[in-house]
2 protein chains.
Amino acid sequence: MTKSPSAPGPSKLEDVARLAGVSTATVSRCLNAPNRVLPATRERVLAAVATLGYAPNYSARALAARQTFTMGAIIPTMENAIFARGIQAFQEELGRHGYTLLIASSSYKEALEEEQIRTLTARGSDGLLLIGHHRHARVRAFLRERGIPTLVAWAYDPAEERLPSMGFDNARVMASLARAVMARGHQRIGVISAETAANDRAKARIDGIRSAIAEAGLSEADLTIVETQYGFETGATAFRQLMDRSEPPTAIMCGNDVLAVGALRAAQRMGFDVPGDVSITGFDDIELATLVDPPLTTTHVPHREMGRRAAEMLVRMVADKHLSAESTELQVDIVLRDTLGPAPT
Amino acid sequence: MTKSPSAPGPSKLEDVARLAGVSTATVSRCLNAPNRVLPATRERVLAAVATLGYAPNYSARALAARQTFTMGAIIPTMENAIFARGIQAFQEELGRHGYTLLIASSSYKEALEEEQIRTLTARGSDGLLLIGHHRHARVRAFLRERGIPTLVAWAYDPAEERLPSMGFDNARVMASLARAVMARGHQRIGVISAETAANDRAKARIDGIRSAIAEAGLSEADLTIVETQYGFETGATAFRQLMDRSEPPTAIMCGNDVLAVGALRAAQRMGFDVPGDVSITGFDDIELATLVDPPLTTTHVPHREMGRRAAEMLVRMVADKHLSAESTELQVDIVLRDTLGPAPT
DNA sequence: GCGTCGCATGCAAGCGCTTTCATCGAAGGG
DNA sequence: CCCTTCGATGAAAGCGCTTGCATGCGACGC
């Protein structure tokens with residue numbers, strides 16, 4: 001033994017270096033830029049690494065290299081299957097590139113999200129994945145001056161001043177679904193939306209419906225909007241509320257599939273035939289959409305693809321700081337199933 | 001200005017110290033042990049922190065303090081609602097204690113899980129949350145010698161040599177559901193299980209059924225088990241497989257609700273009346289269980305409570321290394337809904 | 001055969017924070 | 001009034017790694 005065989009605790013770079021008979025610099029290079037080291041040396045070092053079971057201390061590495069190989073993601077909640085699915089794909093792709101996922105959820109609270117942006121930044125995330133564009137100017141400024149690569153998902157907005165995004169145009173997709181609804185003769189439309197206060201996707205979807213309605217020559221009076229929290233029960237309640245009006249809508253467009261399924265269940269419990277008496281549409285195309293009866297007319301969002309490509313993009317943005325990330329628009333098609341039918345006469 | 005007003009980039013402890021006219025040690029104490037600093041000083045420091053918008057660099061802190069305030073969690077997949085929900089609660093509770101969540105998913109692959117255990121450990125997770133007890137001896141040894149606090153969730157096993165756990169006794173719960181099934185006269189039982197190779201929860205559930213069956217005087221021949229991957233479609237396929245036998249079972253117990261709903265759908269498409277012709281049971285009580293028609297007889301697992309309490313426990317284990325963590329068993333009740341009925345005569 | 005270049009390697013200076021130990025002054029006791 | 005005690009603070013040594021720069025060596029060209 002040359003010196004103290006090794007201090008207690010996990011072995012470090014120095015232990016490897018000693019065992020391999022090289023300097024710590026060489027070991028470091030061996031691990032991070034193998035081709036800058038002679039093959040013979042490399043083998044010796046790797047052997048030492050193996051026998052010691054060495055694993056680098058990422059905190060130290062992060063401190064020295066100013067890079068953590070960690071990406072942060074802040075999503076409203078993992079309990080929503082669409083985010084769970086997208087984030088799952090995001091994480092898998094990240095793993096493929098040697099990154100680890102630091103995750104936080106904001107519960108749709110703007111203030112909480114801000115706090116988490118600061119936390120994940122302080123924790124040295126190399127990049128950040130955020131949902132939607134809605135964000136206080138202070139936060140946008142913070143992100144900009146920190147210069148931390150940030151990508152927005154589940155939304156698409158190519159505007160110059162926006163953060164780069166990977167997603168789809170919520171307004172346009174919803175407008176096209178609304179057109180399909182109106183094409184079937186519906187003239188009184190109800191909307192069950194998620195709360196729009198801090199949710200620009202929900203807001204955009206409503207805007208989409210509004211523009212399609214205007215385009216079709218209907219008026220604002222033909223539209224009734226109910227905002228509610230995310231959930232099956234809340235969807236059901238909103239449905240009842242909508243149908244209790246003197247002139248109930250003949251079609252109800254929901255901001256997402258969960259609300260739509262809640263509405264569908266309420267409809268059936270109330271004795272309505274769907275789509276005979278009332279049509280219902282969703283958004284997202286979660287698995288449940290095909291599991292309910294009748295299957296739900298909705299909009300197919302490629303959540304997994306979005307997550308995967310967001311990871312790819314973010315990794316690229318981190319690797320090449322000068323890369324002015326382009327926003328990418330993903331294809332979202334409406335999928336006509338059985339809850340949408342002609343307006344009752 | 002005393003010196004260079006401040007280097008480019010985010011401000012550091014030293015900048016705060018200079019502005020407040022104290023040493024970096026004092027600033028550090030101010031942030032980590034406020035009562036070891038005079039109130040007057042503290043105020044001055046905090047003011048400086050505020051004006052500079054200072055946020056500590058966690059990598060540096062982790063390196064110096066040997067603590068990252070990060071917990072690692074490795075789950076099979078976030079796409080399974082039960083994990084998403086549990087992890088959501090886990091993360092929320094962690095946040096309340098100042099911890100951040102580092103997450104990885106193993107896709108039910110043992111080798112991948114091992115790799116991720118090593119990665120999250122190298123990244124300095126203060127503690128680890130793992131699912132189930134099944135794990136290579138090499139990995140158990142690694143965990144033990146690293147001394148990193150580890151908690152197992154979604155399983156409960158108070159045995160000495162096991163890692164501490166926060167969960168429920170899969171075998172016992174399933175046995176009690178099996179008893180409820182047999183109490184209704186079922187004598188030929190089919191089982192649709194998740195793959196048991198690296199999944200001790202799935203295995204335990206089958207064991208539970210076996211023991212209940214033995215106890216009731218039925219034989220192994222009255223039991224038919226099909227293993228399949230997680231999913232609605234695979235559940236449906238397994239159901240068909242089971243019913244195609246010459247003497248099909250009168251009750252089919254599924255390893256989880258997703259498989260059960262898949263089976264239920266298949267049954268209905270095949271023209272079976274559930275529970276008139278065949279009974280079906282699930283496990284987990286996900287939201288979907290009450291959304292399908294007829295609602296699913298299953299077992300109610302308190303996923304959120306499990307996640308939350310796992311976080312609490314883990315934080316306590318990290319704070320007090322000597323704390324020999326106890327395993328805690330959570331109450332899981334069977335919930336009788338409509339897919340379980342008397343055996344057809 | 002000698003100068004020169006290029007490459008593999010080593011040396012050592014940090015990265016931004018925590019923490020031990022020393023210092024200093026005020027408070028308290030005799 | 002001096003000595004002791006104690007609490008607040010500062011100086012400085014790391015934490016384990018990366019990396020710019022220096023070094024030394026062999027290969028190559030003329």
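# Exercises on a predicted protein–DNA model

Strand β6 (residues 189-194) of chain B is joined to strand β8 (residues 251-254) of chain B by 4 bridges in the parallel sense. The coordinates belong to a predicted model, and the exercises below start from this pair of strands.

## Exercise 1. The sheet around β6 of chain B

Task: establish in which order the strands of the open sheet that holds β6(B) follow one another, and which of them stand at the edges.

Solution. Begin with the pair already named, β6(B) and β8(B), which are linked in the parallel sense; within this pair, Gly190(B) is placed opposite Ile252(B) of β8(B). Extending the pairing outward gives an open sheet of 4 strands in chain B, ordered β7-β6-β8-β9, with parallel pairing. The edges are taken by β7 (223-228) and β9 (279-281) of chain B, each of which has a single partner strand, so that one side of each lacks a neighbour in the sheet. From one strand to the next, the twist averages 15°.

The last step adds the helices. Helix α9 (residues 200-215) of chain B lies across β6, β7 and β8 of chain B and runs at about 165° to β6(B), while helix α10 (residues 232-243) of chain B lies across β6, β7 and β8 of chain B and runs at about 150° to β7(B).

## Exercise 2. The surroundings of β1 in chain B

Task: determine which strands pair with β1(B) and in what sense, and decide whether its residues are buried or exposed.

Solution. Take the partners in turn. With β2(B), strand β1(B) pairs in the parallel sense over 6 bridges, and Met71(B) has Leu101(B) as its bridge partner in β2(B). With strand β3 (residues 127-131) of chain B, β1(B) is joined by 4 bridges, and the two run parallel; here the bridge partner of Ala73(B) is Leu129(B). The connection from β1(B) to β2(B) can then be described through helix α5 (residues 81-96) of chain B, since these three elements make a right-handed β-α-β unit.

For the second part, in a regular strand the side chains alternate between the two faces of the sheet. In β1(B), Thr70(B), Gly72(B) and Ile74(B) point one way, whereas Met71(B), Ala73(B) and Ile75(B) point the other way, and all are buried. The strand (residues 70-75) is accordingly mostly covered, with 6 of its 6 residues buried.

## Exercise 3. One glycine in chain A

Task: explain why Gly72(A) is classed as it is, buried or exposed, and find which residues beyond its sequence neighbours are in contact with Gly72(A).

Solution. First locate the residue, which lies in strand β1 (residues 70-75) of chain A. Then apply the cut-off of 20 or more other C-beta atoms within 10 Å: Gly72(A) has 26 within that distance, and is therefore buried. Finally, setting aside neighbours within four places in sequence, Gly72(A) is in contact with Leu102(A), Leu120(A), Ser125(A) and Leu128(A). Of these contacts, Ser125(A) is 53 residues away in sequence but 5.5 Å away in space, C-alpha to C-alpha.

## Exercise 4. Where the two chains meet

Task: describe the side of chain A that touches chain B by its elements and residue classes, and identify how β2(A) pairs with β2 of chain B.

Solution. Start with the extent of the interface: 38 residues of chain A are in contact with 38 residues of chain B. At least two residues each on the chain A side come from α4, α5 (81-96), β2 (100-105), α6 (110-122), α11 (257-269) and α12 (288-291) of chain A, and the largest share, 7 residues, is supplied by α5(A). By class, that side divides into 20 nonpolar, 11 polar and 7 charged residues. As to strand pairing, β2(A) and β2 (residues 100-105) of chain B pair in the antiparallel sense over 3 bridges, with Leu101(A) having Ile103(B) as its bridge partner.

## Exercise 5. The surfaces near the DNA strands

Task: work out which elements form the surface near DNA strand D and the surface near DNA strand C.

Solution. For DNA strand D, the 27 residues around it include Lys12(A), Leu13(A), Ala25(A), Ser28(A) and Ala64(A), which come nearest. Elements supplying at least two residues each are α1 (13-20), α2 (24-32) and α4 (58-65) of chain A together with α2 (24-32) and α4 (58-65) of chain B, and the largest share, 6 residues, comes from α2(A).

For DNA strand C, Ala25(A), Lys12(B), Leu13(B), Ser28(B) and Ala64(B) come nearest among the 27 residues around it. Two or more residues each are given by α2 and α4 of chain A together with α1 (13-20), α2 and α4 of chain B, and the largest share, 6 residues, comes from α2(B). By class, the surface near DNA strand C has 14 nonpolar, 8 polar and 5 charged residues.

How values were computed: Residues numbered from 1 in each chain as written. Chains lettered and ligands numbered in written order. Predicted model: local features only at pLDDT ≥ 70, side-chain atom pairs only at ≥ 80, totals over all residues. Pairing = 2+ DSSP bridges. Axes fitted to C-alpha atoms, helices over the stretch in contact; angles between N-to-C directions. Contact = placed C-beta atoms within 7 Å. Near = placed C-beta within 6 Å. Nonpolar A, V, L, I, M, F, W, Y, C, P; charged D, E, K, R; others polar. Buried ≥ 20, exposed ≤ 12 C-beta atoms within 10 Å, placed from the backbone. Right-handed = clockwise from strand over helix to strand, strands pointing away.
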